[in-house]
Amino acid sequence: MKTRLAIFDLDGTLVDSIGDLAVACNTALALRGLPQHSYEAYCGFVGNGIMRLVERALPEPLRSPENVALVRADFVAYYTDHLDVRTEPYPGIPELLAELVRRGVKLAVASNKFQAGTEKVIRSFFPDIRFEAVLGQREGVPLKPDPAVAEEILTLTGIPREQALFVGDSAIDILTAQAAGIRSAGVTWGFRQRTELEEAGADRIVDRADELLDLF
């Protein structure tokens, strides 16, 4: 059956954003004299939203809801103003998106990044690409791997789930697709390892952006 909708994860899938995420979190930690982390460590911290990122970055004895909320606020303030300093689209992604649009495929983003940050990244790096929906973390909406965001996109676009493909770099994305009854494609250029995608049961795993075109 023809694939008419592509739902993309954002960080680690469309854009390499780990540098800006790491600097923003380290800046927030430094404001309180707390230990900082390497870029490699942040690859394991991201994926479950900003609250979990901050929680993982804090020393375990300091992971109280109050501390997490304070550091999160500092993170968001810094990151919102600096999210395009080190971030860039992965090789072949702008061309992939343009070709999908040319083929009449509808595009959407489903991210666990906070909504304002998700929207700003898309505006900054893909200003000429039409997305039917750009959805991040919002009040009252469960984060991935809960299928709520995927279901919302299906409703907004009117595309049957059998004609949709969910593309992401982590098990979180593959599990989201499975929960929503959508086919999944795992990408190996992101923040996680191929083995994670294999163990999660991705329907397809690709190493280059143009390989995704075979699924449309």
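Biologist: What makes the stretch that holds Ile 205 a strand?

Modeller: Ile 205 is found in strand 8, residues 204-206, and a strand is a DSSP run of E with at least two residues, just as a helix is a run of H or I with at least four, both numbered from the N terminus. This is a predicted model, in which local features need pLDDT of at least 70, side-chain atom pairs count only at pLDDT 80 or more, and totals for chains, interfaces and linings use all residues. Residues are numbered from 1 along each chain as its sequence is written, and side-chain values use heavy atoms, with hydrogens and water left out.

Biologist: Which residues does Ile 205 touch, not counting residues up to four places away in sequence?

Modeller: Ile 205 touches Gly 186, Thr 188, Arg 194, Leu 197 and Glu 198, where contact means heavy atoms within 4.5 Å. Asn 48, by comparison, is 157 residues from Ile 205 in sequence and 21 Å from it in space, C-alpha to C-alpha.

Biologist: Why is Lys 2 called exposed?

Modeller: Lys 2 has a relative accessible area of 59%, and the word exposed applies over 50%, buried under 20% and partly exposed in between, with a 1.4 Å probe and protein chains only; the value therefore falls in the exposed class. Lys 2 sits in the segment before strand 1, where, leaving aside its neighbours within four places in sequence, it is in contact with Arg 103 and Gln 163.

Biologist: Why does Thr 157 count as buried?

Modeller: The relative accessibility of Thr 157 is 13%, which is below the 20% limit for buried. Thr 157 lies in helix 7, residues 148-157, and its side chain reaches the backbone oxygen of Ile 153 at 2.9 Å. Not counting residues up to four places away in sequence, Thr 157 also touches Leu 5, Lys 106 and Glu 132.

Biologist: How do you know that Cys 25 is in no disulfide?

Modeller: A disulfide is a pair of cysteine sulfur atoms within 2.5 Å, and by this rule the count comes to zero disulfides. For Cys 25 the nearest cysteine sulfur is that of Cys 43, 13 Å away, and, taken from the other side, the sulfur of Cys 43 has its closest cysteine sulfur in Cys 25, too far for a bond. Cys 25 is also buried, with a relative accessible area of 1%.

Biologist: Why is helix 1 described as largely enclosed by the rest of the structure?

Modeller: Of the 13 residues of helix 1, 11 are buried, so the description follows from that count. What covers these buried residues includes strand 2 (15-16), helix 2 (39-45), helix 3, helix 4 and strand 4.

Biologist: How do you know that the length of helix 1 agrees with its number of residues?

Modeller: The expected span of a helix is 1.5 Å times one less than its number of residues; for the 13 residues of helix 1 this should give 18 Å, and its end C-alpha atoms are 18 Å apart, which agrees. Helix 4 (residues 65-82), with 18 residues, reaches 25 Å from its first C-alpha to its last, close to the 26 Å expected.

Biologist: How do you know that the buried residues of helix 4, among them Phe 75, are on the same side?

Modeller: Val 68, Val 71, Phe 75, Val 76 and Tyr 79 are buried in helix 4. They cover an arc of only 150 degrees around the axis, which puts them on the same side of helix 4; the arc is that of the directions from the helix axis to the C-beta atoms. The face turned away from the buried side carries the exposed residues Glu 66 and Asp 81, while the buried residues pack against helix 1, helix 3 (50-57), strand 4 (106-114) and helix 6 (115-125).

Biologist: What makes a group of residues, such as the one with Phe 8 and Leu 14, a nonpolar core?

Modeller: A nonpolar core is a set of buried Ala, Val, Leu, Ile, Met, Phe, Trp, Tyr and Cys residues joined through side-chain atoms within 4.5 Å. The largest has 55 residues, and those with the most contacts inside it are Phe 8, Leu 14, Phe 75 and Phe 126. Helix 1 (residues 18-30) gives the most to this core, with seven residues. Apart from it lies another core of 16 residues, among them Ala 108, Ala 110, Ala 133 and Ala 180.

Note on methods: A polar contact is a pair of N or O atoms within 3.5 Å; within protein, one must be able to donate a hydrogen and the other to accept it, and residues adjacent in sequence count only if both atoms are side-chain atoms.
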